[in-house]
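Me: Please take a close look at one salt bridge in this model and at what surrounds it. Keep it brisk.

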Amino acid sequence: MSLPVLVVIVVFGIALSVATVHFTGGSRKARLADAEQARERFAEDFPDEPAAAIHLTSDGRTAFLELGRGRLGIVHAIGDRFLTRIVTPRDVLARSDDGAGTIALRLADFTWKGGHFTFANAADAHAVLRVLQPQHPSSTKEAA
């Protein structure tokens, strides 16, 4: 078989594989429809952790659940699945707030480092950061 024919077959095969994955839902991104869906998804992994309040990001890809005792539950979309975590102020390496509803969190968790999260209003952003305030004012950190 000649090299040009082999190259065409390989390129066509790769293109067909990528198209198949895309059209069967492989490139779909998960979204949280509302706070109740976030509560239900979090309860699948942490059934004994009731949430007092839920704050959704404006893109619907992340929800922060106030669990009490200085703990925050997180439901975050990665691809077409959801990642769930319970975070305390000790798990936060850095945090920042732009004052307009966007926060940045950097976590000590090596499996998920955090990110930038935009809320529909600044009150939700401040509520999330308030839960993650360190217990001692001298240990306040800012995101780089």
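Reply: Arg71 and Glu49 meet through their side chains in a salt bridge, 2.6 Å from N to O. This pair links distant parts of the chain. Arg71 sits in strand S3, Glu49 in the loop between H2 and S1, and 22 residues separate them. The model is predicted, and side-chain atom pairs count only at pLDDT 80 or more.

How exposed are the two partners? Arg71 has 13% relative accessibility, so Arg71 counts as buried; the cut-off for that is under 20%. Glu49 comes out at 22% and therefore counts as partly exposed.

The bridge is one of six salt bridges found in a search of the whole structure. Another one joins the side chains of Asp109 and Arg85, again with 2.6 Å from N to O. Asp109 belongs to the loop between strand S6 (102-107) and strand S7 (114-118), while Arg85 belongs to strand S4, so this pair ties together parts that are 24 residues apart in sequence. Asp109 is partly exposed, with a relative accessible area of 24%. Arg85, at 23% relative accessibility, also counts as partly exposed.

Next, the strand that holds Arg71. Strand S3 covers residues 71-78. His76 is found in S3 as well. With 13% relative accessibility, His76 counts as buried. Its side chain makes a polar contact of 2.7 Å with the side chain of Thr62. Which residues does His76 touch, leaving out those up to four places away in sequence? They are Arg61, Thr62, Arg81, Phe82, Leu83, Trp112 and Phe117.

Just before S3 comes a backbone feature. Arg69 is found in the loop between S2 and S3. Its phi is positive, about 55 degrees, although Arg69 is not a glycine. Most residues other than glycine have a negative phi. Arg69 counts as exposed, at 71% relative accessibility.

Now the helix on the other side of the Glu49 loop. Helix H2 spans residues 35-45, and its buried residues are Ala38, Arg41 and Phe42. Seen down the axis of H2, these residues fall within an arc of 100 degrees, so they line one face of the helix. What covers them? The cover includes strand S1 (53-56), strand S2 (62-68), strand S3 (71-78) and strand S4 (81-87). S3, the strand of Arg71, is thus part of the cover over the buried residues of H2.

H2 has its own charged pairs. Glu36 forms a salt bridge with Arg39, and the closest N and O atoms are 3.5 Å apart. Both residues lie in H2, three residues apart, which is about one turn of the helix. Glu36 is partly exposed, with a relative accessible area of 39%. Arg39 is partly exposed too, with 34%. Arg41, Glu44 and Asp45 are linked in a network of salt bridges. Arg41 is also among the buried residues of the helix.

The N-terminal end of H2 is capped by Asp34. A side-chain oxygen of Asp34 lies 3.3 Å from the backbone nitrogen of Glu36. Glu36 therefore appears twice here: its side chain is in the bridge to Arg39, and its backbone nitrogen is at the cap, with a relative accessible area of 39% for the residue.

Ahead of H2 lies the loop between H1 and H2, where Lys29 has its place. Lys29 counts as exposed, at 61% relative accessibility. Leaving aside neighbours within four places in sequence, Lys29 is in contact with Arg61 and Gly79. Arg61 is also on the contact list of His76. Phe82 is on that list as well. The C-alpha atoms of Lys29 and Phe82 are separated by 9.9 Å, with their positions 53 residues apart along the chain.

Last, the N-terminal helix. Helix H1 runs over residues 3-23 and holds Val5. Val5 counts as partly exposed, at 42% relative accessibility. Val5 also helps to make a nonpolar surface patch of about 980 Å². The other contributors are Met1, Leu3, Leu6, Val7, Ile9, Val10, Val11, Ile14 and Val18.

Back to the pair you asked about. Buried Arg71 and partly exposed Glu49 join strand S3 to the loop between H2 and S1.

How values were computed:
Residues are numbered from 1 along each chain as its sequence is written. This is a predicted model: local features need pLDDT of at least 70, side-chain atom pairs count only at pLDDT 80 or more; totals for chains, interfaces and linings use all residues. Side-chain values use heavy atoms; hydrogens and water are left out. Buried means under 20% relative accessible area, exposed over 50%, partly exposed in between (1.4 Å probe, protein chains only). Helices (H or I, at least four residues) and strands (E, at least two) are DSSP runs, numbered from the N terminus. The arc is that of the directions from the helix axis to the C-beta atoms. Contact means heavy atoms within 4.5 Å. A polar contact is a pair of N or O atoms within 3.5 Å; within protein, one must be able to donate a hydrogen and the other to accept it, and residues adjacent in sequence count only if both atoms are side-chain atoms. Patches are made of residues with over 30% relative accessible area and no salt bridge: like charges are joined within 9 Å, nonpolar side chains (Val, Leu, Ile, Met, Phe, Trp, Tyr) within 5 Å. Accessible areas come from the Shrake-Rupley method with a 1.4 Å probe; for residues, only the protein chains shown count as cover. A salt bridge is a side-chain nitrogen of Lys or Arg within 4 Å of a carboxyl oxygen of Asp or Glu.
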